[in-house]
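Hi,

Here is the structure I said I would send over. Have a look, and my notes on what turned up are underneath.

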Amino acid sequence: MADAGVAEPTHSTPIEAHVWRIAAVVVLGSIMSILDTTIVNVALDTLGRDLHSSLSDIQWVITGYFLAQAAVIPVSGYFANRFGAKRMFIIALAIFTLGSLLCGLSPNMGGPIDGEELLIIFRIFQGIGGGMLFPLATAITFAAFQSGCCDQIAVAMPAATAVA
């Protein structure tokens, strides 16, 4: 028996293909950020050896990334409301990707700053983009799935990112 005033759905509305494409793109962006954390955790010993750094110094590569992520998560919603979630997601993805490229190049860059310090700086930059990806992905996905199926995507999106 249904509660008074609450209509029971009579049929399932099919979800349009473009909505699934949106969900796939934003979930992949989120997975990249999460997977990047795991990859660097596994590579800590190799990073320390290749950059001739102690483990306590090279751990800042992870710490800087996490601190940058934590700092931008709360302001992601503000920027999404002010400039648009899609635009901010693209900017966050670009920052994350550029940060990834710079992290890869950091051991080979010369100058007054050594490879370890550059890697930490670039990981912080990468963490800024990565930290914005997940909350923006969630907002974009829920906005795309407005047709009453949010409960399905609410379960599917975290499950997909947990695979990473």
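A quick bit of vocabulary before the residues: a residue counts as buried when its relative accessible area is under 20%, as exposed when that area is over 50%, and as partly exposed in between. Please also keep in mind that this is a predicted model.

Let's start with S76. This serine is part of helix α4, which covers residues 60–83. Its relative accessible area is 1%, so S76 is buried. What does S76 touch, once its neighbours within four places in sequence are set aside? The contacts are G131, M132, P135 and L136.

Two of those names come back in the largest nonpolar core. That core has 14 residues, and the ones touching the most other members are V26, F89, A92, M132, L133 and L136. Helices α4, α5 (85–105) and α6 (115–144) are the elements that each supply two or more of its residues. There is also a second core, separate from this one, with 12 residues; I58, I62, C103 and I120 are among them.

L136 deserves a look of its own. Beyond its neighbours within four places in sequence, L136 contacts A80, A85, M88, F89 and A92 as well as S76.

Back on helix α4, you will also find F66. Is F66 buried, partly exposed or exposed? With a relative accessible area of 41%, F66 falls between the two cut-offs and is therefore partly exposed. Along the chain, F66 and G131 are 65 residues apart, yet their C-alpha atoms are separated by 8.2 Å. G131 is also one of the contacts of S76.

Cheers

Methods:
Residues are numbered from 1 along each chain as its sequence is written. This is a predicted model: local features need pLDDT of at least 70, side-chain atom pairs count only at pLDDT 80 or more; totals for chains, interfaces and linings use all residues. Side-chain values use heavy atoms; hydrogens and water are left out. Helices (H or I, at least four residues) and strands (E, at least two) are DSSP runs, numbered from the N terminus. Buried means under 20% relative accessible area, exposed over 50%, partly exposed in between (1.4 Å probe, protein chains only). Contact means heavy atoms within 4.5 Å. A nonpolar core is a set of buried Ala, Val, Leu, Ile, Met, Phe, Trp, Tyr and Cys residues joined through side-chain atoms within 4.5 Å.
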